[in-house]
Amino acid sequence: MNPTFDSIRIAGPEAVLTAGALVTLMIGTFTGDRGLRALTYVAVLILAIAGFSLMQAPAGVTQYAFGDFYVADSFSSFLKVLIIGAAAASMLLALPYLGDARTGRFEYPVLLMLATLGMCMMVSANDLLSLYIGLELQSLAAYVLAAFHRGESRSSEAGLKYFVLGALASGILLYGVSLVYGFAGTTSFVGISNVVAAAPARSLGILFGLVFIISGLAFKISAVPFHMWTPDVYEGAPTPVAAFFSAAPKAAAMGLLVRVLVVGFGAMALDWQQIVIFLSIASMLLGAVGAIGQSNIKRLLAYSSIANVGFALVGLSAATPKGIEGLLFYLAVYLAMTLGSFLVLLQLRRADGGPVELMTDLSGLSKVRPGLAAAMAIFMFSLAGIPPLLGFWPKFAVFTAAVDAGLWPLAIIGVIASVIGAYYYLRLVKIMYFDEAGVAVISDGGRTNGALIAAAALFCSPIGMLAITPIVSAAGRAAAVVFQVAG
Amino acid sequence: MTAVLAFYLFAGILLTAGTMVILSKNPVHSVLWLIVAFFNASGLFILLGAEFLAMLLLIVYVGAVAVLFLFVVMMLDIDFAELRAGFMRHLPVGLAVAAIILTEMLLAVGVWQPGAGVAIYGAVGAPPVGMSNTQWIGSLLYTRYLFVFQSAGLVLLTSMIGAIVLTHRQRVGTKRQNIGAQVARTPASAVHAEKPKVGEGVAL
């Protein structure tokens, strides 16, 4: 068969998403903004087809396409399922918001689909070139989405801030890429790993490049000290967009980081482990401490996402298959928890028409909306990592992996940060259940969002433990693949 | 010999122009120096035998990007006195940061062990016989680098959609050209004969 057609078949999800984005864009230009709802359903259908084409790939086989620029294996498939699922949820949950905020423009699902395409390319990247292109595709769509509510100055500010800082991060990343290319003589991950493994003494130039690459990627996962943009962008961006930012891009960038470090620079694990450990500790602590003073729920969730990235990085610090397995498991559960929390926020509106953003807006929610309050409580308890809920298990998995790798101090700091973090998660629960109702709050989200909340809450509740076995075994297979290539 | 002289000529002017870009006080002069720098860089490409890249540099960077820069710089109303005031105020901090970075770089270079020449793995090499390098670049872009090339196209599409989403708005009350209506005009709807009475005007 023609190698190009063969490659397109291997890159099935990307091909479907590309064609789908172009088709929805075309339909959108003809229907205009009136067609937003229908277009969103079409887009979700296309995401489903992309997910289905993912299932068509032979399981457990690593396939390279487009001259080794692209790789499809269990690792990329696992992350793509998460990404596509989170993106579909982000599309659906935006419908009520876009309907009444006078921001309903048909480009929303199109941009979201292009961002998803970028993220799929990121987790399948097998070369520094395709890594960069995928990252840019995702980031550019994200900048526009952050400023999507252009009538509001906060949203434009968020978009501009994100764009400027993101461009800086891309510049740093590219500088690192050029250094690595200059000193290794190749941009392919496998090629780099051969060069790194063959070099008798580690090359200072490659190390320099590696540090820059990690810095650039740390910005994308908003790990401390590259987290500055996160609270501002989450607060300013429209709530559905903030929900999207907190979910899928984190999973994609984390997957990218794992693949670059483990496959490309596996032989330099001792060097990058120190950096990742620092990022992890700093993110966990700052995420936990920084959230305490917040009164805005979106900022609170932003700090929560910083802290969670820190916990996930604990798994990467271990640099073992067990650690990566824990990281993937963590991402899967984190996505459900964070999307669920944002969904509850989106479901509520103040009686005077304003969005619910302050923590005090939720006071006494348990009396007005017992169902939503219970769901939010489940998400908060789960994010805090209280045992019977699902959020506890991935934390347990990453800490176990860290301890197995001899990183006792890291695990201890993680547990401490987790306890500090529990304070603000539980404070929200206290506000909902024990405070007197303040502002009148009404719930007017659609029925779809209600169903999504119920599904996420059910997943995070103790019933979700039924899902642990399949997720962990899939994550285990995915993690093994990454180390196979490296080894 | 001529090639060496030409190299030093182009490289020297390129470096001077590059320095002038950041040293000129007037941003318009900076852009003009930038154009000089581009011309000399394309001269270097020609010396390397990459005539297509040289022309591309001129067409894309000088023809489009630099001219666009020039427009933007001239259109923006920048108060340079104000900018310079900020510059002087932040100068000590800036110098401190620069000194730290310089020291770090010197330390790094100090322990540097220059390795053997780097082998470029999977390098493409010179074009096959009977193929110009322009043709060779094109054929590589559409075969070996197809994935990256097409994806770059998608990135551009995304930025285009983004620009339209963020800036395009339907204004109410503007008068737009309706080409269909213009074309459909007939003499019957546009021209009519009047017979004005003597001493009176015509109501139009």
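This is a short chat about a predicted model, covering its A–B interface, one helix and its cysteines.

Student: How many residues of chain A are in contact with chain B?
Tutor: On chain A, 34 residues are in contact with 27 residues of chain B. The two chains bury about 2,600 Å² between them, with 83% of it on carbon and sulfur atoms.

Student: Which three residues supply the most area on the chain A side?
Tutor: A:Phe69, A:Ile133 and A:Arg150 supply 20% of the area that chain A buries against chain B, more than any other three residues.

Student: How many salt bridges across it?
Tutor: The rule finds zero salt bridges across the interface of chain A and chain B. For residue pairs in polar contact, both at pLDDT 80 or more, the count is also zero.

Student: And which helix of chain A gives the largest share of that side?
Tutor: Helix 7 of chain A, with seven residues. By class, the side of chain A that touches chain B has 24 nonpolar, seven polar and three charged residues.

Student: New topic. Helix 11 of chain A: mostly covered or mostly open?
Tutor: Mostly covered: six of the eight residues in helix 11 (residues 229-236) are buried. Among them are A:Trp229, A:Val233 and A:Tyr234.

Student: What covers them?
Tutor: The cover includes helix 8 (153-184), helix 10 (204-220), helix 12 (239-264), helix 14 (297-318) and helix 15 (321-347) of chain A.

Student: How many disulfides in the whole structure?
Tutor: Zero, over all chains.

Student: Why does A:Cys120 count as buried?
Tutor: Because its relative accessibility is 0%, and the cut-off for buried is under 20%. A:Cys460 counts as buried too, at 0%.

Definitions and conventions
Residues numbered from 1 in each chain as written. Chains lettered and ligands numbered in written order. Predicted model: local features only at pLDDT ≥ 70, side-chain atom pairs only at ≥ 80, totals over all residues. Heavy atoms only, no water. Disulfide = S-S within 2.5 Å. Buried < 20%, exposed > 50% of the residue type's maximum accessible area, 1.4 Å probe, protein only. Helix = DSSP H or I, 4+ residues; strand = E, 2+ residues; numbered from the N terminus. Contact = heavy atoms within 4.5 Å. Buried area = accessible area lost by both parts, 1.4 Å probe. Salt bridge = Lys/Arg side-chain N within 4 Å of Asp/Glu carboxyl O. Polar contact = N/O pair within 3.5 Å; in protein donor to acceptor, adjacent residues only side chain to side chain. Nonpolar A, V, L, I, M, F, W, Y, C, P; charged D, E, K, R; others polar.
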